[in-house]
Amino acid sequence: MTARRPRIGVMGGTFDPIHHGHLVAASEVATGLDLDEVVFVPTGRPWHKEPAAPAEHRYLMTVIATASNPRFTVSRVDIDRGGTTYTIDTLRDLQAERPDAELYFISGADAIAQILSWKDSDELWGLARFVAVSRPGHTFAISSLPEHDVSYLEVPALAISSTDCRARVGRNFPVWYLVPDGVVQYITKHHLYRSVE
Ligand SMILES: Nc1ncnc2c1ncn2[C@@H]1O[C@H](COP(=O)(O)OP(=O)(O)OP(=O)(O)O)[C@@H](O)[C@H]1O
Ligand SMILES: O=C(O)c1ccc[n+]([C@@H]2O[C@H](COP(=O)([O-])O)[C@@H](O)[C@H]2O)c1
């Protein structure tokens with residue numbers, strides 16, 4: 001009998017800051033697809049948006065948010081590689097680190113809709129399977145994507161976005177219960193997002 005290959009979820013994101021929408025999505029996919037681990041991969045320098053907080057802060061908030069879950073880990077590959085962050089490089093680096101593993105890239109319905117415009121999108125399908133999770137306010141259209149490589153999972157609807165969390169901090173509104181407690185305290189301690197309009 002051949003041994004089952006480890007199944008690893010890859011949750012890429014800017015995590016500016018990480019919030020409960022990200023954590024619930026990763027947890028639901030881990031259960032639904034019987035994943036052994038979910039690796040959170042904070043982007044270094046995304047080409048499509050300008051992060052408000054530096055990469056090291058986003059990385060540390062991701063570590064704090066995931067620390068209590070034994071199946072969650074955080075990777076620095078996108079931060080340490082330097083340069084612009086592309087998922088093709090993320091998946092190549094993770095595949096090189098874990099050649100025995102099957103990778104499942106987890107993404108919200110909003111992000112996956114753009115995947116055909118991502119760098120080297122034709123080659124992405126050979127490196128991982130893609131799992132789109134439901135996200136309030138976004139519908140998922142699978143029609144233009146390869147059916148065998150992209151699956152869809154309904155997860156509990158949390159209408160939380162990092163944009164809204166940043167704006168709340170900027171307006172002096174609480175982000176308690178939208179992000180993990182340690183992340184609230186980290187944002188306060190490091191005066192993050194105070195000048196966001
Ligand atoms: N509430 C949510 N429910 C489901 N998926 C989510 C949710 N929030 C984010 N995601 C998904 O998590 C991944 C990383 O998201 P990201 O870090 O950009 O957060 P965001 O809230 O979309 O940020 P921003 O508002 O700054 O664009 C993306 O694939 C995104 O679609
Ligand atoms: O590779 C690309 O061209 C590409 C373009 C847009 C987004 N991504 C990845 O998609 C993930 C979610 O991105 P975001 O902007 O929602 O944080 C994150 O891992 C990004 O690196 C990747």
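Student: Which residues come closest to ligand 2, and how many surround it?

Tutor: Start with the shell, meaning the residues around the molecule. Ligand 2 has 14 residues around it, and the closest are Gly12, Thr14, Tyr86, Thr87 and Trp118. Then look for the elements behind them: strand E1 (7-13) and helix H4 (87-97) each give two or more residues to that shell. Keep in mind that this is a predicted model.

Student: What is the chemical make-up of the shell around ligand 2?

Tutor: Sort its residues by type. You get 5 nonpolar, 7 polar and 2 charged.

Student: And ligand 1, which residues come nearest there?

Tutor: Read it in the same order. Ligand 1 has 18 residues around it, with Gly13, Gly21, Gly108, Ser162 and Thr163 coming nearest. By type, the shell around ligand 1 holds 6 nonpolar, 9 polar and 3 charged residues.

Student: Which elements supply at least two residues of the shell around ligand 1?

Tutor: They are helix H1 (20-32), strand E6 (102-108), helix H5 (109-112) and helix H7 (162-170). H1 gives the most, with 3 residues.

Student: Let's stay with H1. What span should its 13 residues have?

Tutor: A helix can be checked with simple arithmetic on its rise. At 1.5 Å a residue, the 13 residues of H1 should span 18 Å, and because the end C-alpha atoms are 18 Å apart, the two agree.

Student: Which residues in H1 are buried?

Tutor: Burial comes from counting neighbours around each residue. In H1, the buried residues are Gly21, His22, Leu23, Ala25, Ala26, Val29 and Ala30. Just after this helix, check the backbone too: Asp34 takes a positive phi of about 55°.

Student: Which residues touch the most other members of the largest nonpolar core?

Tutor: Look for buried nonpolar side chains that link up. The largest such core has 46 residues, and Val10, Ala26, Tyr104, Phe105 and Ile106 touch the most other members. H1 gives the most to this core, with 5 residues.

Student: What does Tyr104 touch?

Tutor: Leave out residues up to four places away in sequence, and Tyr104 touches Arg7, Ile8, Gly9, Val10, Leu33, Leu35, Ala128, Arg129 and Val131.

Student: Zooming out, how many helices and strands does the protein have?

Tutor: There are 8 helices and 8 strands. For overall shape, compare the radius of gyration with a rule for globules: a compact globule of 197 residues would be near 16 Å, and the protein has 16 Å, so they agree. The C-alpha atoms fill a box of roughly 55 × 35 × 30 Å along the principal axes. Of the 197 residues, 37% count as buried.

Conventions: Residues numbered from 1 in each chain as written. Chains lettered and ligands numbered in written order. Predicted model: local features only at pLDDT ≥ 70, side-chain atom pairs only at ≥ 80, totals over all residues. Near = placed C-beta within 6 Å. Helix = DSSP H or I, 4+ residues; strand = E, 2+ residues; numbered from the N terminus. Nonpolar A, V, L, I, M, F, W, Y, C, P; charged D, E, K, R; others polar. Core = buried A, V, L, I, M, F, W, Y, C linked by C-beta atoms within 7 Å. Buried ≥ 20, exposed ≤ 12 C-beta atoms within 10 Å, placed from the backbone. Contact = placed C-beta atoms within 7 Å. Rg over C-alpha atoms; globule rule 2.2 N^0.38 Å. Expected span 1.5 Å × (residues − 1).
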